[in-house]
Amino acid sequence: MSSRFDLKAQLRRWSQPLRLLATTWWRRQSPSRQDRFATLGPLISVLLFLAAIILAFWYLRNEEIEREQEAVKRDTEIAQKQIQLRLIENQEQLVRIAREIATRATDTHDFNTQASTWARDRPEITHVTWLNNRRERRASVSAAGYQADSLMALEGSDPSMPAGHPGSAAESAFQLVKERRQPAYSQAFSDANNTMVFQVQVPLIDRTGFSGVLIAEYTVEGLLRYYVPSDVAVRHAIAVLDSRDMIVASTVTPMPGQKLKKPSIFHEVPLAPAFNGLVLRGQGYRTSVGLISNTLFWMVVALSVLTVWMLLGTWKHMRRRMQAQNALINETNFRRAMENSMLTGMRAMDMESRISYVNPAFCAMTGFSEGELIGRKPPFPYWPPDRYEENARLLQQEIQGRSPAGGAEVKVMRKDGTTFDARMYVSPLIDPKGKQTGWMTSMTNITEAKRVRDQLSASHERFTTVLEGLDAAVSVLSVQQGELLFANRSYRLWFGADPKGHAMLAGGKLGRSKEDPDHDEEVDDYSGLPAQPLMEVGSDPREVYIDSLEMWFDVRARYLQWTDGRLAQMLIATDITARRRAEEQAAQQAEKAQVTSRLMTMGEMASSVAHELNQPLTAITNYCNGMVSRVRNDQIGKDDLLAALEKTAKQAQRAGQIIHRIRNFVKRSEPQRAPSQAHDIVEDAVELAGIELRRRNVAIHTYVAQRLPTLMVDPILIEQVLMNLLKNAAEAIDNAGLPVSRRHIELRVVPKHTPELGANIEFSVTDMGPGLPEEVIERMYEAFFSTKADGMGIGLGLCRSIVESHQGRIRAENLYNGSAIVGCRFAFTIPVEIPRHEAPGTAQNTAETP
């Protein structure tokens with residue numbers, strides 16, 4: 001008795017810390033969580049009980065299935081062992097008979113007698129046959145024990161006969177026995193009676209080697225019928241399956257027309273010792289209903305589900321009550337926090353105009369504490385003394401329900417005596433029963449807002465004055481509605497109040513008005529566009545011509561969000577008519593200057609041109625006079641006459657080419673860019689400049705790189721630039737009186753690529769003249785600046801204009817040898833697009849001398 005008491009005391013002492021820990025944890029939980037745990041406890045217990053019942057049923061059924069699986073395995077292996085012993089015994093008898101045949105101790109008559117006796121005791125064998133090595137039948141005994149002439153005939157179509165066809169099972173076994181000299185089993189096949197059989201073939205080996213085979217043919221059904229124990233066949237179904245998993249024979253005959261399904265409990269073993277693809281399968285039977293079909297199981301499940309459903313209903317009901325309670329607490333706390341954190345002052349009055357509630361924001365605005373305001377009647381402490389009558393009148397309006405909807409603007413006095421502007425909104429205070437219990441007032445400090453509003457008003461007035469004074473037209477158009485939202489004085493002067501002027505400046509129609517007959521509510525070109533990206537991205541300036549005004553405008557546009565949130569487009573259009581006309585006049589004057597420069601160039605070269613033309617004309621005169629004299633004296637033959645005429649024609653053609661080139665160079669035409677080759681431009685320019693160079697005894701060397709890309713230029717203008725540069729270089733060399741070694745010019749055309757200019761072609765003219773002073777280099781592009789006594793100073797200026805009109809650049813630099821100037825180099829570039837497969841090449845040609 002004492003030992004039992006000591007054990008209880010010891011258990012109580014060990015469990016005391018756990019009990020203390022559980023009690024502490026339970027007390028720390030909130031009442032709602034304690035209610036939740038108290039509800040979830042029975043629910044968890046029921047779920048655990050249901051899980052235990054299901055596991056028990058599942059365990060018992062699995063144990064029964066395992067016992068049945070073991071029984072099937074045991075019976076299948078017993079049947080396999082019985083069949084195996086029978087096959088081994090028969091194989092040994094056949095080997096003995098084959099040995100007697102090979103030693104010639106048995107002839108065909110003895111074989112028939114011995115085989116008949118042996119086959120009658122073995123009902124599973126259909127026949128025993130003796131074949132020689134040429135597959136010829138020596139003897140054959142059927143299961144009935146007699147010799148059948150039609151059995152195993154080589155000439156027939158008996159599938160049991162190894163007739164040499166590689167695809168038959170008998171032939172495959174025959175070849176295997178012949179190769180290995182050992183007994184072999186064939187694959188299962190259907191014999192002449194459509195019975196599934198297989199063969200065991202025993203080789204006949206004599207002194208000469210392989211002399212034939214001894215064949216015994218088994219029926220699969222006979223093996224199952226006679227050698228599967230009856231007690232095994234009663235307990236389980238035993239079947240033989242082929243390599244395709246098809247049933248060959250079975251102890252249980254299936255119902256006709258039913259599709260066989262693979263059993264859930266089975267065991268498969270090979271049909272030893274044949275190992276010919278046949279499998280022995282034992283199939284078990286279910287001795288009990290399944291878990292799903294068990295009535296007791298479903299009764300337990302139904303009762304458990306009912307209990308769980310009731311517990312869940314109770315838990316949901318308690319949860320809804322807790323949620324309602326928590327929602328009420330949260331709503332009260334939220335309202336209190338919202339009232340305390342609001343920047344708007346809140347004041348409540350009862351029906352007797354007594355203050356019943358103020359929030360912290362109201363106390364902070366007025367400087368009075370809650371105790372100083374609660375219970376006070378008019379006049380209130382925050383009323384300025386000089387506004388008692390006005391505030392009393394406003395209070396009466398509030399009580400009578402005539403307070404303005406937009407609120408009333410009042411002056412409020414703080415506790416320290418300072419005042420501020422405020423706006424008060426008054427509404428009736430209604431209780432949950434729909435009865436008015438007082439008035440609710442909200443107050444907002446508008447001192448800063450009023451000051452900002454006044455400043456914005458003044459700023460808007462100044463901004464409007466600036467926009468109205470602009471010479472540019474400023475307009476704002478709603479994108480969706482096509483409504484003109486703003487237009488300054490210049491816009492109204494030019495376009496009136498018509499939004500079509502904005503559309504013309506924008507280059508198309510923006511938006512659609514509802515009055516537009518073509519308006520389609522289903523179509524909105526801009527409503528789906530995000531406003532912020534449109535407002536952040538501006539548009540490039542455009543120049544627009546308005547036919548009705550005959551004026552040019554520089555238009556700049558951008559999207560913005562109007563004051564009411566609509567997407568709008570603002571345009572600023574500046575009148576540039578005078579500038580465009582000046583540019584047109586400047587272009588016309590530049591064109592005239594280019595033609596004048598070409599005429600001046602040819603005027604300066606007039607004597608050289610006359611000398612150049614005099615040579616072919618003199619040659620023509622001499623040829624003609626010579627031919628006339630020789631014709632009169634009959635001293636010329638036909639061939640000589642033709643040769644003289646050809647030379648005369650060639651000189652005339654040369655003179656015509658000179659005149660044609662000069663005419664093309666000096667004729668007046670509009671600048672026209674066309675695909676041009678640098679080699680052709682250089683060739684024409686050198687041809688024209690060669691006249692002046694030969695007159696001044698100056699040589700020229702040209703270098704044009706191969707495979708240059710095509711230029712998009714006006715070839716006449718580029719020729720004019722090259723002519724001016726070559727002529728200036730020749731004049732500089734001639735006027736300096738340089739020796740012959742320095743009287744030459746180099747013209748180079750090469751491709752280049754720089755990070756600043758990109759891909760371009762550079763034309764450079766280098767002379768060995770005296771160079772240019774620094775002050776001349778700085779001013780040489782100025783209009784009417786020239787270092788020549790009779791120069792007009794427009795040549796290099798025109799060259800620069802022509803090059804820059806082709807987006808190129810021109811530069812000049814002196815060449816130095818130490819500190820001495822040894823020449824001057826003019827170079828200009830023309831931008832091109834060089835395809836990737838093209839590459840600069842070597843020199844194309846040429847060297848010309850005077």
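**Exercise 1. A salt bridge along a helix**

With which residue does Arg67 form a salt bridge, and how far apart are the closest N and O atoms? State also how exposed each partner is.

*Solution.*
- The model is predicted.
- Step 1: find the partner. Arg67 forms a salt bridge with Glu63. The closest N and O atoms are 3.7 Å apart. The cut-off is 4 Å, so the pair counts.
- Step 2: place both residues. Arg67 and Glu63 lie in helix H2, residues 31–102. They are four residues apart, about one turn of the helix.
- Step 3: check the surface. Arg67 has 52% relative accessibility. Exposed means over 50%, so Arg67 counts as exposed. Glu63, at 31%, counts as partly exposed.

**Exercise 2. A salt bridge between strands**

Find which parts of the chain the pair Glu268 and Arg281 ties together. Then decide for Arg281: buried or exposed?

*Solution.*
- Step 1: confirm the bridge. The side chains of Glu268 and Arg281 meet in a salt bridge, 2.7 Å from N to O.
- Step 2: place the partners. Glu268 lies in strand E9 (residues 266–270) and Arg281 in strand E10 (residues 279–283), so the bridge ties together parts that are 13 residues apart in sequence.
- Step 3: compare with the cut-offs. Arg281 has a relative accessible area of 8%, which is under 20%, so Arg281 is buried. Glu268, at 34% relative accessibility, counts as partly exposed.

**Exercise 3. From a pair to a network**

Start from the salt bridge of Glu731 and Lys727. Which residues are joined into one network by salt bridges that share partners?

*Solution.*
- Step 1: describe the starting pair. The side chains of Glu731 and Lys727 meet at 3.6 Å, N to O.
- Step 2: place the pair. Both residues lie in helix H19 (residues 715–735), four residues apart, about one turn of the helix.
- Step 3: check burial. Glu731 is buried, with a relative accessible area of 9%. Lys727 is buried too, with 7%.
- Step 4: extend the pair. Salt bridges with shared partners join Arg696, Lys727, Glu731, Asp734 and Arg743 into one network.
- Step 5: set the total. A search of the whole structure finds 33 salt bridges.

**Exercise 4. The largest nonpolar core**

How many residues does the largest nonpolar core have, and which have the most contacts inside it?

*Solution.*
- Step 1: count. The largest nonpolar core has 43 residues.
- Step 2: name the hubs. Val682, Leu711, Leu722, Ile745, Val749, Phe763 and Phe828 have the most contacts inside this core.
- Step 3: find the main contributor. H19 gives the most to this core, with 10 residues.
- Step 4: look around one hub. Leave aside neighbours within four places in sequence. Phe763 is then in contact with Ala678, Val682, Leu711, Leu722, Arg748, Val749, Phe826, Ala827, Phe828 and Ile830.
- Step 5: find another core. Apart from the largest core lies one of 37 residues, among them Leu94, Tyr227, Val240 and Leu278.

**Exercise 5. A buried valine**

What is the relative accessible area of Val197? Describe its surroundings.

*Solution.*
- Step 1: place the residue. Val197 is found in strand E5, residues 196–206.
- Step 2: read the area. Val197 is buried, with a relative accessible area of 0%.
- Step 3: list contacts, leaving aside neighbours within four places in sequence. Val197 is in contact with Thr126, Gln187, Ala188, Phe189, Asp191, Glu217, Tyr218 and Thr219.
- Step 4: take a C-alpha distance. Val197 and Val220 are 23 residues apart along the chain, and their C-alpha atoms are separated by 5.6 Å.

**Exercise 6. Cysteines**

How many disulfides does a search of the whole structure find? Classify Cys363 and Cys799.

*Solution.*
- Step 1: the search finds zero disulfides.
- Step 2: Cys363 is buried, with a relative accessible area of 14%.
- Step 3: Cys799 counts as buried, at 1% relative accessibility.

**Exercise 7. Confidence and overall make-up**

Which element has the lowest mean pLDDT, and which the highest? Add the low-scoring stretches and the overall totals.

*Solution.*
- Step 1: take the average. The protein averages a pLDDT of 77, and 79% of the residues score at least 70.
- Step 2: rank the elements. Strand E28 (residues 847–848) has the lowest mean pLDDT, 41. Strand E22 (residues 699–704) has the highest, 92.
- Step 3: mark the weak stretches. Residues 511–529 stay under 50, with 22 contacts beyond four places in sequence. Residues 837–850 are also below 50, with 37 contacts beyond near neighbours in sequence.
- Step 4: give the totals. The protein has 21 helices and 28 strands. Of its 850 residues, 38% count as buried.

How values were computed
Residues numbered from 1 in each chain as written. Predicted model: local features only at pLDDT ≥ 70, side-chain atom pairs only at ≥ 80, totals over all residues. Heavy atoms only, no water. Helix = DSSP H or I, 4+ residues; strand = E, 2+ residues; numbered from the N terminus. Buried < 20%, exposed > 50% of the residue type's maximum accessible area, 1.4 Å probe, protein only. Core = buried A, V, L, I, M, F, W, Y, C linked by side-chain atoms within 4.5 Å. Contact = heavy atoms within 4.5 Å. pLDDT = per-residue confidence, 0-100. Disulfide = S-S within 2.5 Å.
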